[in-house]
Amino acid sequence: MEDAVPSTTRRGLLAGGGVAAVSSLAGCFDRLWSQAETTSPDQVALSIKTVPADDDPIAATIASRLRENYNNAGIDATHEPVSTAELYRDVLLEADYDVFVTRHRGFDDLDALYGLLHSQFVSEPGWQNPFRFSELAADDYLEQQRETNEDDRPDELVELIDYLLQSTPFTVVAHPYRITASRERLEVPTPPRDALGYVEICSDVANGPRDGPLEIGVFGEGLTERLNPLTVDRNRIEGLLDLLYDPPARRIDGKYVPWLAERAEWDEGGGLRTRLTLRDGLVWHDGKPIDTDDVKFTLELIEDTSLGDVEGGIPAPRFRGRQTLVESTDVVDSRTIDLYFVNTTRAVAARALTIPLLPEHIWAERSELVTDRQTEAITHDNENPIGSGLFAFVDAETDDELELESFDSHVLRGLSNRPSVLEEFSRFEGLRFQVAPNAGAMRDLLIDDEIDVTASELPPETVEDVQSESEVSTAMETTDAFYMVGYNSQSADLGNPNFRRVCSRLIDRENIVTDVLNGFAEVATTPTALVGIRDDAWEYADDEFADPNPEILDFPGTDGSIDTAQTRPLFQEIGYSYDDGRLLE
């Protein structure tokens, strides 16, 4: 196998090769020293965490296949199914894992890789660097793509992706299609997954107007338990909090559209700044006015949920990557605020405008410390959420139902020049989510005409059954989501990028798509797809990459099962040895 040093790119060896070489050699030196001091080295052992099959059969199957292949490769591997809340807690808060498999919802912008991988987040909770990945060369690439103008930024991203394919903090298996179903009386062009998806259904003239709420089916455990937009350690209804909490701007069809903000005036002289002007007449769901103090407060709370009471701060687990784009703020008046950005471009900085606003009069008192490194802001259930979205929370008195009502005081409902997506909004009086325990029960609710549409995705094996039902239709679309295998870089063997790269080869991606996803997915086969960027979301040609056919695609086996004769040399070439079929540390 080739050495872990990345291929030399336009930035050269200083940024890329040196650090990666040190990282990989460090793992080798540690192992050789251990072997010299220990007469009987231990077998390499890895635990693979994911959710149970009832919650996500695809992730559970990928984890099971990995366990089988790891074991056949000589690794003492165990598959550990845990609840969604426990998985998020173990991976995103405690770093208590070796390997995890999950479905990531995807990136809103390629700059999301900064939050996912930069070493400044290595000790922070959430989707900010859950891999505990810390390499200075990677930091350099991540920073450069933020600072480079739009014409040259693709070059920086190509170099970043080339580097990540060598260091492999995580790898992507497939990009699944999103499949939902609805009663044929509705027009559902695309499956709902965020606020705009629900807006589209509620705006279609073919769907009403109709008395009563849109009835939506979802499945899972604990979906109504915690409605805190900052937490990451709970399962949640996808898109729900996006309906309740509005940002200054929303990204629609690749463009940033003013939402709570009336306009953003950019000034790039002497450092990047935008003057943000809020719309007149904005109010929270409790009737209190929204002003620029709420904008300033939201950014400060995400940066430090203790609001300065704890040395070093306690950052929020969500929205942190976007918040780091803002260097400082200056409130001009109740509707006007200046945002000053770090060294970045306007296209990247605009991501900060998509952070949902939080009401200061409610969240300021939640800065109190409840444990050593946790505040009430990130532990509170937020059982009666007060936001500014197009829908307001009504109640969730039971575990199997949650209701939102139309927020008639939302300023966009009364504007004649409102965003085009809201032209016919809304054809329903509200939204009611009915929570089923599993996908089969949700399917039955649809067939029995107790719900209008499913928001949780249909497992591939149920699609044909649903399509055979009369008065029911399915909707499918590509999404930014992907199934990923993540590695804890602080674990002994997984700290070695050579070892991670070999482990990434031990899953047959094509077999997973054909045999497990029933073809309802795109296999991750290109450099961009392997780091979570869907092929049609990227305009660069494969030949721009140092290695357009990464070696981690070379599965050492057939039909999902590895061939030990092919696999063992891969580990031996990077310094490992075998004893009676066991891979030794």
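**Exercise 1: An open pocket**

Task: In this predicted model, find the volume of the second largest pocket and describe the residues that line it.

Solution:
- Step 1. Start with the volume: the second largest pocket has about 330 Å³.
- Step 2. Next, look at the lining. It consists of 16 residues, and those nearest the centre of the pocket are Leu93, Ser123, Glu124, Pro125 and Arg373.
- Step 3. Now sort the lining of the second largest pocket by class: 7 residues are nonpolar, 4 are polar and 5 are charged.

**Exercise 2: Enclosed spaces**

Task: State how many cavities of 30 Å³ or more there are, and work out what surrounds the largest cavity.

Solution:
- Step 1. It helps to recall the idea behind the search: rolling a probe the size of a water molecule over the atoms shows where empty space is left.
- Step 2. Count the cavities of 30 Å³ or more, and you get 4.
- Step 3. Pick the largest cavity, which holds about 70 Å³ of space.
- Step 4. List its lining: Pro248, Leu276, Val295, Thr298, Leu299, Val326, Leu339, Ala352, Leu353, Ile355 and Leu357.
- Step 5. Ask which helix gives the most residues to this lining. That is helix 9 (residues 292–303), with 3 residues.
- Step 6. Finish with the classes: the lining of the largest cavity has 10 nonpolar residues, 1 polar residue and no charged ones.

**Exercise 3: Helix 5 against helix 6**

Task: Describe how helix 5 and helix 6 are arranged, and name the residues through which they touch.

Solution:
- Step 1. Two packed helices are described by the angle between their axes and the distance between the axes.
- Step 2. For helix 5 (residues 136–147) and helix 6 (residues 153–167), the axes come within 9 Å and the crossing angle is roughly 160 degrees.
- Step 3. Angles over 145 degrees count as roughly antiparallel, so helix 5 is roughly antiparallel to helix 6.
- Step 4. The crossing of helix 5 with helix 6 is left-handed.
- Step 5. On the helix 5 side, the contact uses Ala137, Ala138, Tyr141, Leu142, Gln144 and Gln145. Helix 6 brings Arg153, Glu156, Leu157, Glu159, Leu160 and Tyr163.
- Step 6. Sorted by class, this contact between helix 5 and helix 6 has 7 nonpolar, 2 polar and 3 charged residues.

**Exercise 4: Helix 2 against helix 17**

Task: Repeat the analysis for helix 2 and helix 17, and decide how their axes are oriented.

Solution:
- Step 1. The axes of helix 2 (residues 57–72) and helix 17 (residues 509–516) come within 11 Å, crossing at roughly 135 degrees.
- Step 2. An angle of that kind makes helix 2 oblique to helix 17.
- Step 3. The handedness of the crossing between helix 2 and helix 17 is right-handed.
- Step 4. Ile58, Thr61, Ile62 and Arg65 of helix 2 meet Asn511, Ile512, Asp515 and Val516 of helix 17.
- Step 5. By class, the contact of helix 2 with helix 17 contains 4 nonpolar, 2 polar and 2 charged residues.

**Exercise 5: Backbone surprises**

Task: Locate the cis peptide bond between Gly208 and Pro209, the one between Phe425 and Ser426, and the positive phi of Phe319.

Solution:
- Step 1. Keep the background in mind: most residues other than glycine have a negative phi, and most peptide bonds are trans.
- Step 2. Gly208 and Pro209 are joined by a cis bond with omega of about 10 degrees. Pro209 sits in the loop between helix 7 (195–203) and strand 5 (214–219).
- Step 3. Between Phe425 and Ser426 the cis bond has omega of about 0 degrees. Ser426 belongs to the loop between helix 13 (411–414) and strand 16 (430–436).
- Step 4. Phe319 has a positive phi, near 70 degrees, and lies in the loop between helix 9 and helix 10 (320–323).

Terms used: Residues are numbered from 1 along each chain as its sequence is written. This is a predicted model: local features need pLDDT of at least 70, side-chain atom pairs count only at pLDDT 80 or more; totals for chains, interfaces and linings use all residues. Side-chain values use heavy atoms; hydrogens and water are left out. Axes are lines fitted to C-alpha atoms, for helices over the stretch in contact, and angles run from 0 to 180 degrees between N-to-C directions. Helices (H or I, at least four residues) and strands (E, at least two) are DSSP runs, numbered from the N terminus. Angles under 35 degrees count as roughly parallel, over 145 as roughly antiparallel, 65 to 115 as roughly perpendicular and the rest as oblique. A crossing is left-handed if the near helix is turned anticlockwise from the far one by less than a right angle, and right-handed if clockwise. Contact means heavy atoms within 4.5 Å. Ala, Val, Leu, Ile, Met, Phe, Trp, Tyr, Cys and Pro count as nonpolar, Asp, Glu, Lys and Arg as charged, and the others, Gly among them, as polar. On a 1 Å grid over the protein atoms alone, a cavity is a set of points where a 1.4 Å probe fits but cannot get out, and a pocket is an open set with protein on both sides within 12 Å along at least five of seven lines; lining residues have an atom within 4 Å of a point. Grid points are joined across faces, edges and corners, and a volume is the space filled by probe spheres set on the points.
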